[in-house]
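Work through the exercises below with the sequence and coordinates at hand. Each task is followed by its solution in steps.

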Amino acid sequence: MHFEIPIPSGIFVRPYSEDLTSMSAIRPIRLFVLTALLATSAAYADGVKGNAANGKELFMGNVCPTCHSVIKGDDLKVGPNLFGVVGRKAGTTKSLMGPSENLTKYGVIWSTETLDEFLANPNAKVPGTAMIGILTDPQQRADVIAYLSTLKD
Ligand code: HEC
């Protein structure tokens with residue numbers, strides 16, 4: 001599985017509670033990510049077509065399932081369940097952690113466009129968010145969003 005994410009993968013194996021008590025632990029990573037984003041932002045292109053099968057592979061092979069369930073009704077993970085995420089309002093889904101105040105304030109309806117903006121740099125849209133899954137590659141973002149769009153009744 002090949003997946004590019006500008007975060008050393010080891011960071012995710014740390015027990016999550018550590019990050020909760022000391023957010024400063026992830027600040028240097030944010031800076032790192034920001035630098036990576038600035039470096040690649042020129043490569044962003046509109047109208048990238050997503051492939052749901054590739055997106056599923058990317059999602060499952062990435063850190064996303066650590067914090068997100070895709071099984072309807074399973075809200076026992078740190079992040080919101082992503083079943084039915086497209087068409088839903090940000091910050092309205094139960095999870096172990098519950099939505100942050102800033103996510104609730106953000107309050108967008110999740111669509112291809114809003115997910116694209118958010119997943120490119122969650123912290124830019126929702127300051128201080130614990131959502132650290134970042135997809136800098138527009139094609140990979142489009143693929144993952146195409147997969148998320150299939151998670152519905
Ligand atoms: C360390 C845990 C963690 C990881 C890893 C993670 N997320 Fe998240 N994610 C969260 C949390 C927590 C939130 C809620 C953020 C808030 O309330 O500010 C969230 C929110 C989201 C949302 C908005 C959901 C909603 O209903 O509002 C999407 C979409 C999302 N994440 C996708 C992803 C994807 C795709 C990946 C993998 C690339 C990923 N996440 C990796 C913790 C995580």
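**Exercise 1: the buried side of a helix**

In this predicted model, helix α6 spans residues 112-120, and its buried residues are L115, F118 and L119. Task: explain why these residues lie on the same side of α6, and find which helices they pack against.

Solution.
1. An α-helix has 3.6 residues a turn, so residues three or four places apart point the same way.
2. L115, F118 and L119 cover an arc of only 90° around the axis, which puts them on the same side of α6.
3. The packing partners of the buried residues of α6 are α7 (122-125) and α8 (138-149).

**Exercise 2: the nonpolar core**

Task: in the largest nonpolar core, which residues touch the most other members, and which element gives the most residues?

Solution.
1. The core has 20 residues, of which L115, L119, V144, I145 and L148 touch the most other members.
2. Two or more residues come from each of α3 (52-61), α6 and α8.
3. With five residues, α8 gives the most to this core.
4. Leaving out residues up to four places away in sequence, L115 touches W110, I145 and L148.

**Exercise 3: the ligand shell**

Task: determine which residues come nearest to the ligand and how the shell divides into nonpolar, polar and charged residues.

Solution.
1. Of the 30 residues around the ligand, the nearest are C64, C67, G79, S100 and G133.
2. Both α4 (64-67) and α6 supply at least two shell residues; α4 gives the most, with three.
3. The shell divides into 20 nonpolar residues, nine polar and one charged.

Definitions and conventions. Residues are numbered from 1 along each chain as its sequence is written. This is a predicted model: local features need pLDDT of at least 70, side-chain atom pairs count only at pLDDT 80 or more; totals for chains, interfaces and linings use all residues. A residue is buried if 20 or more other C-beta atoms lie within 10 Å of its own, exposed if 12 or fewer, and partly exposed in between; C-beta atoms are placed from the backbone. Helices (H or I, at least four residues) and strands (E, at least two) are DSSP runs, numbered from the N terminus. The arc is that of the directions from the helix axis to the C-beta atoms. Two residues are in contact if their C-beta atoms, placed from the backbone, lie within 7 Å. A nonpolar core is a set of buried Ala, Val, Leu, Ile, Met, Phe, Trp, Tyr and Cys residues joined through C-beta atoms within 7 Å. A residue is near a molecule or strand if its C-beta atom, placed from the backbone, lies within 6 Å of it. Ala, Val, Leu, Ile, Met, Phe, Trp, Tyr, Cys and Pro count as nonpolar, Asp, Glu, Lys and Arg as charged, and the others, Gly among them, as polar.
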